[in-house]
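Welcome, and thanks for taking a look at this one. Let's walk through the fold together, starting with the whole chain and ending with a few single residues.

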Amino acid sequence: MKRMFFFALAASFLFAGASFADGPTMQEMMQKMGGPKPDDRVELKLPDTMKVMQKRMMRQHLNTVADITGAIASGDLSKASALAKDQLGWSPQEEQRCNMGGKMTGEQDFVGYGMAVHKTADELSAAAAAGDRDKSLALLSKLIKNCNACHEKFRH
Ligand code: HEC
């Protein structure tokens with residue numbers, strides 16, 4: 001058992017050595033990307049349990065974006081429309097969630113970024129309901145850019 005452990009350890013060193021010898025080192029890769037930089041986004045002051053909850057919701061949002069993309073790709077625009085409206089559209093509940101996020105973090109901008117995502121989801125839903133595939137795709141791109149605008153500004 002002990003011998004096997006050492007064998008595995010030695011093998012992992014060998015592999016690590018081989019893969020680094022073949023390509024650039026981590027340091028070279030980081031230099032190519034402009035070197036290490038500080039994360040200068042605004043840190044949201046939230047309790048850990050809220051962060052876990054928010055991230056879970058975020059992963060669900062990304063999944064919805066994948067489902068909408070899939071529905072458009074397969075030509076099922078009415079499904080894309082329903083997903084955008086039901087999962088990401090602006091609603092009293094969504095308004096409540098975004099307002100709570102704004103209040104808890106003390107960041108008023110937070111609400112605006114959230115609202116932009118949900119209102120674009122409504123636009124996307126309308127375009128898909130009207131059968132306009134190109135406009136739906138353009139709005140899907142706008143939606144994702146709205147997601148990223150908040151990620152550019154805030155972090156946990
Ligand atoms: C109002 C701000 C805001 C909006 C809008 C927003 N996010 Fe986020 N998102 C965050 C924050 C804050 C984090 C946490 C980042 C960190 O960990 O530093 C996050 C993290 C994530 C993560 C990582 C989750 C994890 O498990 O680490 C995903 C995926 C994500 N968001 C997807 C989305 C998608 C998709 C949308 C749009 C449909 C979106 N987000 C819109 C604020 C936002």
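What share of the contacts in the protein with a separation of 6 or more comes from residues 24 or more positions apart? In this predicted model, such pairs account for 67% of those contacts.

## Overall layout

The protein contains seven helices and two strands. Following the sequence from its start, you will meet them in the pattern α-α-β-α-α-α-α-α-β. Of the 156 residues, 15% count as buried.

## Helix α6 and its buried side

Let's turn to α6, which covers residues 109–129. Its 21 residues should span 30 Å at 1.5 Å a residue, and the C-alpha atoms at its ends are 31 Å apart, so the two values agree.

Which residues of α6 are buried? They are Phe110, Tyr113, Gly114, Val117, Thr120, Ala121, Leu124, Ser125, Ala127 and Ala128. Because they cover an arc of only 165° around the axis, they sit on the same side of α6. A general point helps here: an α-helix has 3.6 residues a turn, so residues three or four places apart point the same way. The cover over the buried residues of α6 includes α4 (77–88), α5 (92–105), α7 and β2. Just after the helix comes Gly131, with a positive phi near 80°.

## The largest nonpolar core

The largest nonpolar core has 15 residues, and those touching the most other members are Ile68, Ala80, Ala84, Ala121, Leu124, Leu140 and Leu143. Two or more residues of this core come from each of α3, α4, α6 and α7. Which element gives the most? That is α6, with five residues. In soluble globular proteins, nonpolar side chains tend to be buried together.

Ala121 is a good residue to click on, as it appears both among the buried residues of α6 and among the core members with the most contacts to other members. Leaving out residues up to four places away in sequence, Ala121 touches Ala84, Leu88, Gly89 and Leu143.

## Around the ligand

Now for the ligand. Of the 17 residues around it, Met58, Cys147, Cys150, Arg155 and His156 come nearest. The elements that supply two or more residues to this shell are α3 (48–73), α6 (109–129), α7 (133–153) and β2 (154–155). The most come from α3, which gives six residues.

How do the residues of the shell divide by character? Ten are nonpolar, four are polar and three are charged.

## Two residues to compare

Asp86 belongs to helix α4. Is Asp86 buried or exposed? With 12 other C-beta atoms within 10 Å, Asp86 is exposed. Its C-alpha atom is separated by 9.3 Å from that of Asp122, and the two residues are 36 residues apart along the chain.

Trp90 is found in the loop between α4 and α5. Since 18 other C-beta atoms lie within 10 Å, Trp90 is partly exposed. Setting aside neighbours within four places in sequence, Trp90 is in contact with Glu95, Met115, His118, Lys119 and Asp122. One of these partners, Lys119, is 29 residues apart from Trp90 along the chain, with 5.7 Å between their C-alpha atoms.

Definitions and conventions. Residues numbered from 1 in each chain as written. Predicted model: local features only at pLDDT ≥ 70, side-chain atom pairs only at ≥ 80, totals over all residues. Near = placed C-beta within 6 Å. Helix = DSSP H or I, 4+ residues; strand = E, 2+ residues; numbered from the N terminus. Nonpolar A, V, L, I, M, F, W, Y, C, P; charged D, E, K, R; others polar. Expected span 1.5 Å × (residues − 1). Buried ≥ 20, exposed ≤ 12 C-beta atoms within 10 Å, placed from the backbone. Arc of directions from axis to C-beta. Contact = placed C-beta atoms within 7 Å. Core = buried A, V, L, I, M, F, W, Y, C linked by C-beta atoms within 7 Å.
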